[in-house]
Amino acid sequence: MNKQMPNDKSANKPLTKQMKVFLSHQEHAVVTMAANMKGMNVGDYMKQAVINQAKKDAKEMNKIIDSI
């Protein structure tokens, strides 16, 4: 009995999804500046911003559901 192991070394990493956002040059400049001010790279800054907004929206949705 011979088990086949995947050759991909990323087998132990959690699955991730990619999101794309299209920004104007001005919007990108603002996001880049904000990320630099926080000492973050743009990708990490965008990830944090998206997750924080989603949590905020989910909390608001729960308030609406609870009020029904």
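Which residues does Met46 touch, not counting residues up to four places away in sequence? This tour of a predicted model reaches the reply after an overview of the chain.

**The whole chain**

Begin by displaying the complete chain, which contains two helices and zero strands. Its accessible surface comes to about 7100 Å², and carbon and sulfur atoms account for 58% of that area. Of the 68 residues, 3% count as buried.

**Helix H1**

Next, select residues 25-37, which form helix H1. This helix has 13 residues and reaches 18 Å from its first C-alpha to its last, close to the 18 Å expected at 1.5 Å a residue. Two of its residues deserve a closer view.

Select Val31, which lies in helix H1. Val31 has a relative accessibility of 15% and therefore counts as buried, the cut-off being under 20%. Leaving aside residues up to four places away in sequence, Val31 touches Leu23, Val42, Tyr45 and Met46. The C-alpha atoms of Val31 and Val42 are 7.1 Å apart in space, although the two residues are eleven apart in sequence.

Move then to Ala35, also found in helix H1. Ala35 is buried, with a relative accessible area of 0%. With residues up to four places away in sequence not counted, Ala35 touches Met40, Asn41, Val42 and Tyr45. A distance drawn between the C-alpha atoms of Ala35 and Tyr45 should read 5.6 Å; these residues are ten apart along the chain.

**From H1 to H2**

Select Gly39, which follows H1 and has a positive phi, near 70°. Continue to Asn41. At the start of H2, a side-chain oxygen of Asn41 comes to within 3.2 Å of the backbone nitrogen of Gly43.

**Helix H2**

Now select residues 42-66, the extent of helix H2. The end C-alpha atoms of H2 are 36 Å apart, which agrees with the 36 Å that its 25 residues should span at 1.5 Å a residue.

Within helix H2, select Met46. Here the opening question is settled: Met46 touches Val21 and Val31, not counting residues up to four places away in sequence. Is Met46 buried, partly exposed or exposed? Met46 is partly exposed, because its relative accessible area is 22% and the buried class requires a value under 20%. From Met46, draw a line to Ala35: their C-alpha atoms are separated by 8.3 Å, and the residues are eleven apart along the chain.

**The salt bridge**

Further along, select Glu60 and Lys63. The structure holds one salt bridge, and these two residues form it, with their closest N and O atoms 3.7 Å apart. Glu60 and Lys63 are three residues apart in helix H2, so about one helical turn separates them. Glu60 is partly exposed, with a relative accessible area of 41%.

**The nonpolar patch**

For the last stop, show the surface and select Met61, Ile64, Ile65 and Ile68. Together these residues make a nonpolar surface patch of about 460 Å². Where does Ile68 lie with respect to helix H2? Ile68 is found in the segment after helix H2. Ile68 is exposed, because its relative accessible area is 84% and exposed residues are those over 50%.

Definitions and conventions
Residues numbered from 1 in each chain as written. Predicted model: local features only at pLDDT ≥ 70, side-chain atom pairs only at ≥ 80, totals over all residues. Heavy atoms only, no water. Patch = residues over 30% accessible without salt bridge, like charges linked within 9 Å, V, L, I, M, F, W, Y side chains within 5 Å. Areas by Shrake-Rupley, 256 points an atom, 1.4 Å probe, with all protein chains shown as cover. Salt bridge = Lys/Arg side-chain N within 4 Å of Asp/Glu carboxyl O. Helix = DSSP H or I, 4+ residues; strand = E, 2+ residues; numbered from the N terminus. Buried < 20%, exposed > 50% of the residue type's maximum accessible area, 1.4 Å probe, protein only. Contact = heavy atoms within 4.5 Å. Expected span 1.5 Å × (residues − 1). Polar contact = N/O pair within 3.5 Å; in protein donor to acceptor, adjacent residues only side chain to side chain.
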